[in-house]
Every structure is written in C-alpha cells, then in structure tokens.
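Subject: The structure you asked about

Hi there,

Here is the model to open alongside this note. Have a look at it first, and then read on for what turned up.

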Amino acid sequence: MSKQKKNKSSANNTTADTIITNAHIATMDDSKPFVSAVAIKDGIFIAIGSNEEIMAYKSDMDTDIIDANGRTIIPGLNDSHIHIIRGGLNYNMELRWDGVPSLAESIKRVREQAKRTPQPQWIRVVGGWSEFQFNDERRMPTINEIEQAADDTPAFILHLYHCSILNKAAIRAAGYNKDTPNPPDAEIERDSSGNYNNLTGLITAKPAATILYQTLAKGPKLSYDDQINSTRHFMYELNRFGVTSAIDAGGGFQNFPDDYKVIADLAKQGLLTVRIAYNLFTQRPKKELEDFTNWIKMVKPGDGDDFYRMNGAGEMLVFSAADYENTLEPRPDLAETMESELKEVVKLLVQNRWPFRIHATYDESITRFLNVFEEVNKEIPFIGLRWFLDHAETISEYNIERVHALGGGIAIQDRLAFQGEHFIERYGKEVAERSPPIRKIIEMGVPLGAGTDATRVSTYNPWVSLYWLVTGKTVGGTILRSDKNRVNRMGALRLYTIGSAWFSNEENKKGSIEVGKLADLVVLSDDYFSVPEEQIKHIESILTIVGGKVVYTDATSEFKDLAPSSLPSITPKWSPVATYGGYTNSSEVPKTYPSIPGSSSSSVKSHNSTTNLKTNTTTETQSEKIPTQYPSSNKFDQAAADIARVSNKSNKIWSSCCDEYFTF
Ligand SMILES: [Zn+2]
C-alpha cells in the first residue's frame, strides 16, 4: 500500500483526490458488475474501471493512491431499519452479549461489570443475543445467576421482545414491589414463597413489551457529553462492519425533537460517519394525529443533507396498529378502533406528501393496514409517494401484490435469526420456511430493503443479517428457510445496498459504486463471495470510506496508517464498551488475502460462478408470473392502485428480476 499526498495546487476536473487500485470491486451496477479501481473527487465517484483506466485520473500532486492488495470492496452497507439514534444515546451504557459465544462468558461479564459500575448506574444487557448462540448451554440465564453475578448493582437483562430479568437491586431501583399492578398484556411475576418483596424479577411481555422498555427507562441516562461520545462510538462500531448508511425507525421513548438534539448537533459539526435518514415515531397513544400535525409544521421530508435528513413518518403511526413481534406469545388481534385511527393519520401524511413506514409483523395486521391504505388512496391518490411495510414476516402473496399495486416497498430484518427457534415452535417449520417471503417479494418486483431492527432484538452487525439472508439460518444454526426462499450472496448484498437506498428515496445517490454517486465503500477483511458460508458472519471491514473520507481502519491491517484522527476515549470510564467493545466477533478465521484480480483468471472466474451474475433476464418472465398468481376477482381496486404506482419511477433497480438472486 502506498499513500502519496502533496499540496493541493493544480487540481483540475479530471484529477482524483483518491484512487483505489488492485481491488475486486463489486459495484452493484449491472453494466460493470466488477471493476479493479475507482477514482474519487469531492466525495463522489468520478470514474470506475481497470487499474490503467483509473490511473489516468492521478495527479502527482493531489492524489492519494490506495493499493487494495486484491481485496474485495463493496458499496457501503445500508441498514434500512435500525434504531441508530436511540442506540447511539445508550451504546456506552450497555453490556452487549452480541456475538458472545457462551452463557458462562456472558454471565462472567455481568459479574465483572457489577464491580465496575458505580451507584446509581445499572448493568443493562439490551438485546442483540439469543440463547441459541451459546455453545455451552443453549438457554437463558436464570434469575438466580443474575442475582449472584450482579449482587447490589441493579441488573436488567432483556431477552428478545419477550421478557426481562431484574435482580433485586433493579427491582428496588425501578420502584416495583408486591403492590405494583400488572400492566395490560404483560406480567410482573410474583413469587408466593417469599422472594424479594414477592416479585421474582421476571417481567414478561404478553405480548406487549411496553413494560420492559418502561422499566429500562427508569435507569439513569448518560449526560449530554457522554451521549455525544456514545453516539460517535456507536457509529464507529457500525463503520467497523461496513455500515455507512442507516434509516432510523424512531422507537419507543425516542421523543422528537428532544432526543434528536445529540444527533442533530453531531450532524451540524460534521461528525457523522454514518449517513442517517430518520423517521418520526409518535409517542402518545390516542394523540398520534396531534403529534404528526405538529411535526408537519416543524419539518418536512428531505430536510437536511446527505448525512442527516428527514425521511417521513413511522414506524409507529398509531399505537392501535402495533402488533409487536413476540414469537414466544400468540399473535395479538388489533383493536377495532385501529382502522379509523390509522386512516386519519395516513390521510394527513398523504395529503402532506409525507413518506411513511409502518411496523407490521403479521399478515393479519397487514391485511387491515392495506384496507386502510387502499381507502385513502381512493380519496387522495398516493401517486408515487414512498411508503413501506417494516418486517412483514408472514405477509401473504396476495398482500405483497397489494403493496406492489400501491407503489410500496417492504423492509425486512433478521429478527428471525434471533427468534427463529421460538417461531418454529409456535407456527411450524412450513411457515418458517416462507418467513419472510423474500423470494416472492423479489419476484413480484416490490422494492425490498435489508437491515437488522437493532439494537433491542437483533444485533446491529450487518454480517449476521447477510448470513441469515444467504443461509436461511439462525444465529444458533437452525435452518429456517430452504433454497426456495434464500438469496445468493450477490442478491443479499444488493438488498443491503441499492435495495435499502430506495427506502430513503436515495437510490440515485447511493447503494452502488457508479460515477456520480456518493463515494461510500468498504474494503472487506475476507472475500465475501468465496469464503465458506459459515464465515460470512465473521466478516468485518478493514477500511471504511464515507463521502471519500476514511472513517474506519482495522488497526492490524495494512491500512492502519490511513486511520482517521482517533475518537475521544469512551466515557463514562465505567462503560462496558471500554472493556468489551461492541459486537464480540469470536471468529478465529485468519484474514485472507485473495489474489489480485487479473493476475489469476481462476480467482475471477470463481467469483462469477459463485454469484452467477445475469444481467439480461427478460421482463416477460416477470409479467407472466404476477397476474397468474392471483384470482381475477382481486378485492382491491386495481385501477386506483395502478395510479398510485405509475409515477413511482423508482423501480429501475427491481426490473431486472429475478434469477440473479436465486442461482447458487
Ligand atoms: Zn418494528
């Protein structure tokens, strides 16, 4: 690797700021799927091509040259559903079990952290793990184990969307006792045998997780300065895994505008290293219309810039539409008032041309949401307005077609990589096989984005999600989806880049390495296209570039000299992240150095055969497929729906469907 930089004096239009050569670059551009080099100027790709072609953009005076040593480069990853803003405010306070390979190690960290944590702070393990990832004992910790490990330090352990374990100190700190009433749709477990104040420490969502988050919110918050520090470290952690863009889904207890001050201040100072498009999430049951009416006066979609921009409403539009995601409990039926409440809000949003997203786990809820959307569309046509469903694990083919007709998209996440075993137990293997119906969504030409829903159920590590997309397996190794409903590596990467970009209306700006697009890219530790499938979840970035600037380098790699000026050290000092970091990548896989493309034709060939790129699939196959899958007596108003879809010109990226996603 060489780096040459001299003073900027003779820049002209064809001179690059940075050139990256000798790489195996997956562009996501069908006309040039792989190239060896790129040139970047002013944060934008100005050329892509062969080493020789790109070296023409070099100026002796002005150009940094990065030799990629034959490594694989991909466009920056884009998580289309993550609670990054809330996650950032809390990151430094949380003890993460993400990726920790054993229960013994997880409990040991609680014990160590208890000694480190000053009063009145808590130990918080807030999602990102599943008992099936533990290779010693595939189970949750017991209340007693947490009690003994944490002793007098309040400890709160959140398990999926399902329950939390509190030790006695946490019960006390939360102000709960035997007289605390059970909240609706949840249980604060009581112990008749005289345990602490008659509460056992187990709180279970049945199925509403509100009480779990309310309890968590009773712990102290970080100071403003620590929240700034925490958010920066969380972005850096995401950069470590190659995430350069995120679409924030709001979240409970994430109030606008108060809880957005930290991220907005960082954006103002130019300190974001992940591009964030954010959606606004109502916090007030029965006052949702009032919230959105107020917000429409304050901000509008598109406000901001390429680093921090407003993206519309959701994922909560009205509380009566919340169907949760708790696969350990039966699916809830939504209240009868849902339709009228949702209609008012959606009407307001469409009237004001606010894109929206809505949390929707189950097909039964989705049917009712679509009834509302179709009604609104008849009164005020959506006409190209961006809207989408989040999650949609059990959506039916019929409802996918209704989404398509209304010009909507679907953002999926690897929640079942964490809850899959419980899902199979409740709904059976056959339902798990088609959940979510990735293949159907792609075949029907509906925009599909990938992501995690981190940080409270899944981990934020995108490689766990890519692994789940490609293998169909949970983090515990259980096979959920067969080949019929998996995507190949290139397909998964497309969903995680150009696919997700549609969801913030930015597919013309990012998601692929093409001339004119934002220069966001990732040099990978290992060759994603050829490592054994099991290793996909252990891949990391070794060099992440956002807008032409280096935001992350692996300190052990050949790029360490390019490291950005280091972040301030983690605060507060007792932060578990300072000791354990974020995701525990337990891979012992050596970082590979693939041969330089071109120097060995067999290496290039093997990439192509792995991913089986096809660029000339005809659209006839597609147009034959869709209508034949549905009865002619479609219940929805196809004519009205077609108007909604017609002016949505966004589907260029979906039109070349579909074989290239499914050839292994
Ligand atoms: Zn959700």
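In what sense do strand β7 and strand β21 pair, and over how many bridges? The answer is antiparallel, over 3 bridges, with β7 covering residues 72-75 and β21 covering residues 521-524. Please keep in mind that this is a predicted model.

**Overall picture**

The protein has 664 residues, of which 55% count as buried. It contains 22 helices and 23 strands. Among contacts between residues at least 6 apart in sequence, 76% join residues at least 24 apart.

**The sheet around β21**

The β7 and β21 pair belongs to an open sheet of 6 strands with mixed pairing, and the order is β3-β2-β7-β21-β22-β23. At the edges are β3 (34-35) and β23 (549-553), each of which pairs on one side only.

If you zoom in on β7, you will find Ile 73 opposite Val 523 of β21, while Ile 74 has Val 522 as its bridge partner. On its way along the sheet, β21 also pairs with β22, again in the antiparallel sense, over 4 bridges. There, Leu 524 stands opposite Ser 541 of β22.

Which way do the side chains of β21 point, and are they buried or exposed? Leu 521 and Val 523 point one way, Val 522 and Leu 524 point the other way, and all of them are buried. For background, nonpolar side chains tend to be buried together in soluble globular proteins.

Helix α7 (residues 224-240) lies across β22 (541-546) and β23, and runs at about 85 degrees to β23.

**A closer look at Val 546**

Val 546 is worth selecting in your viewer; its place is in strand β22. Why does Val 546 count as buried? Val 546 has 26 C-beta neighbours inside 10 Å, so it passes the test for burial, which asks for 20 or more.

Leaving aside neighbours within four places in sequence, Val 546 is in contact with Gly 76, Thr 244, Thr 273, Asp 520 and Val 551. Try displaying Gly 43 as well: it lies 503 residues from Val 546 in sequence, yet the two are 7.7 Å apart in space, C-alpha to C-alpha.

**The nonpolar core and helix α12**

The largest nonpolar core holds 185 residues, and those touching the most other members are Val 38, Ile 276, Leu 317, Val 346 and Ile 410. Taking Ile 410 as an example, and not counting residues up to four places away in sequence, it touches Phe 388, Leu 389, Ala 392, Val 403, Ile 441, Val 446 and Leu 448.

One of those partners, Val 403, is also among the buried residues of helix α12, together with Asn 399, Ile 400, Glu 401, Arg 402, His 404 and Ala 405. Helix α12 (residues 397-405) is largely enclosed by the rest of the structure, because 7 of its 9 residues are buried. Just after α12, Gly 407 takes a positive phi of about 75 degrees.

**Two helices packed together**

Finally, helix α3 (residues 103-116) packs with helix α4 (residues 143-150) at an angle of about 35 degrees, and their axes are 8 Å apart. From α3, the residues involved are Ile 107, Val 110, Arg 111 and Ala 114, and they meet Glu 145, Ile 146, Ala 149 and Ala 150 of α4. By type, this contact is made of 6 nonpolar and 2 charged residues, with no polar ones.

Happy browsing, and do write back with any questions.

Best wishes

Note on methods: Residues are numbered from 1 along each chain as its sequence is written. This is a predicted model: local features need pLDDT of at least 70, side-chain atom pairs count only at pLDDT 80 or more; totals for chains, interfaces and linings use all residues. Axes are lines fitted to C-alpha atoms, for helices over the stretch in contact, and angles run from 0 to 180 degrees between N-to-C directions. Two residues are in contact if their C-beta atoms, placed from the backbone, lie within 7 Å. Ala, Val, Leu, Ile, Met, Phe, Trp, Tyr, Cys and Pro count as nonpolar, Asp, Glu, Lys and Arg as charged, and the others, Gly among them, as polar. A residue is buried if 20 or more other C-beta atoms lie within 10 Å of its own, exposed if 12 or fewer, and partly exposed in between; C-beta atoms are placed from the backbone. Two strands pair if DSSP finds at least two bridges between them. A nonpolar core is a set of buried Ala, Val, Leu, Ile, Met, Phe, Trp, Tyr and Cys residues joined through C-beta atoms within 7 Å.
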